[in-house]
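Trainee: Please take a close look at the ligand site in this model. I would like one connected account of what surrounds the ligand, and then of the nonpolar packing in the protein.

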Amino acid sequence: MHIVLLGRPGAGKGTQGERLAKRLGVTHVSTGDVLRGAMAADTPLGRSVRATVEHGELVPDTVMGGLVAEVVAGAHSGILFDGYPRTVAQCETLSSMLGPCGPDLAVDLDVPAATVLDRVRRRRVCSACGVIGPGGMGRAAACAQCGSALARRIDDDPGVLLRRLGAYEREATPVANWFARTARLIRVDGTGVVDAVTARLNATVARWFESERQPALAVSGPKT
Ligand code: ADP
């Protein structure tokens, strides 16, 4: 089973993706995390993408295709993709990697731009293990998991965030349409507290699998 999680920066793809992947027994792959890991380890990939990521622009489709091909080749279970695909070209690359059926399902975690701006402005992550601070709001100074300092992600800087949102807004509709055309898109309202979103997400995904892909679009909240 292969699932794609779509949504604005700060929509909660990381947190919800981790939970949904565990529930479905698939591997959670965040392309943002893979890129940040490569940057932290100063690998050739990390060096080649650093300026782009720190600027809030999209890494070229060909680079992302190579990275995802390795992930797919090394996977022993299904995959939940968080942050990929982000362009129609990436949709087609992923589809050709996974075979004629492509990804089973895309979930659009829908959170309005004003809400994500507010969330990301307050977000702090662990500088060592990348875990998001308590409630994502960063009141504590240290990571609850490893004790390292919490800090703002470099691309959560307000100016960079606006560029990331701009990149998202440019590509989101064509990507969503690409999945909707094949009746594989569901939309879930991603606003509210984390556990409430998880419950909504689980219920909507379960309904979709039960209905065996019958509805063209199952919506659990208004599109923002
Ligand atoms: P967010 O979804 O909050 O923007 P991510 O952690 O998913 O954050 O991604 C961080 C950055 O990594 C992006 O702004 C972009 O530079 C790069 N990136 C991640 N995934 C992709 C992708 N599929 N295509 C192009 N660039 C990507």
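**The ligand site and the cores**

Mentor: This is a predicted model. A polar side-chain atom of Gln90 lies 3.0 Å from a nitrogen atom of the ligand. Two backbone contacts can be set beside this one: a polar backbone atom of Gly83 is 2.8 Å from a ligand nitrogen, and a polar backbone atom of Val59 is 3.0 Å from a ligand nitrogen. The ligand exposes 540 Å² when taken alone, and the protein buries 96% of that area.

There are 19 residues around the ligand, and Thr31, Glu57, Gly83, Arg86 and Arg164 come nearest. By class, the shell holds 7 nonpolar, 5 polar and 7 charged residues. Helix α2, residues 31-40, gives the most to this shell, with 4 residues.

Helix α2 is also among the elements that give two or more residues to the largest nonpolar core. The others are β1 (2-6), α3 (44-55), α4 (61-74), β3 (79-82), α5 (88-98) and α7 (158-181). The largest share, 4 residues, comes from α7. This core has 23 residues, and those with the most contacts inside it are Val4, Leu6, Leu35, Leu94 and Phe179. In soluble globular proteins, nonpolar side chains tend to be buried together.

Leu94 can be followed further: leaving aside neighbours within four places in sequence, Leu94 is in contact with Val4, Val68, Phe81, Tyr84, Pro85 and Pro103. A second core, separate from the one above, has 15 residues, including Leu20, Val26, Val197 and Trp208.

Terms used
Residues numbered from 1 in each chain as written. Predicted model: local features only at pLDDT ≥ 70, side-chain atom pairs only at ≥ 80, totals over all residues. Heavy atoms only, no water. Near = heavy atom within 4 Å. Polar contact = N/O pair within 3.5 Å; in protein donor to acceptor, adjacent residues only side chain to side chain. Areas by Shrake-Rupley, 256 points an atom, 1.4 Å probe, with all protein chains shown as cover. Nonpolar A, V, L, I, M, F, W, Y, C, P; charged D, E, K, R; others polar. Core = buried A, V, L, I, M, F, W, Y, C linked by side-chain atoms within 4.5 Å. Buried < 20%, exposed > 50% of the residue type's maximum accessible area, 1.4 Å probe, protein only. Contact = heavy atoms within 4.5 Å.
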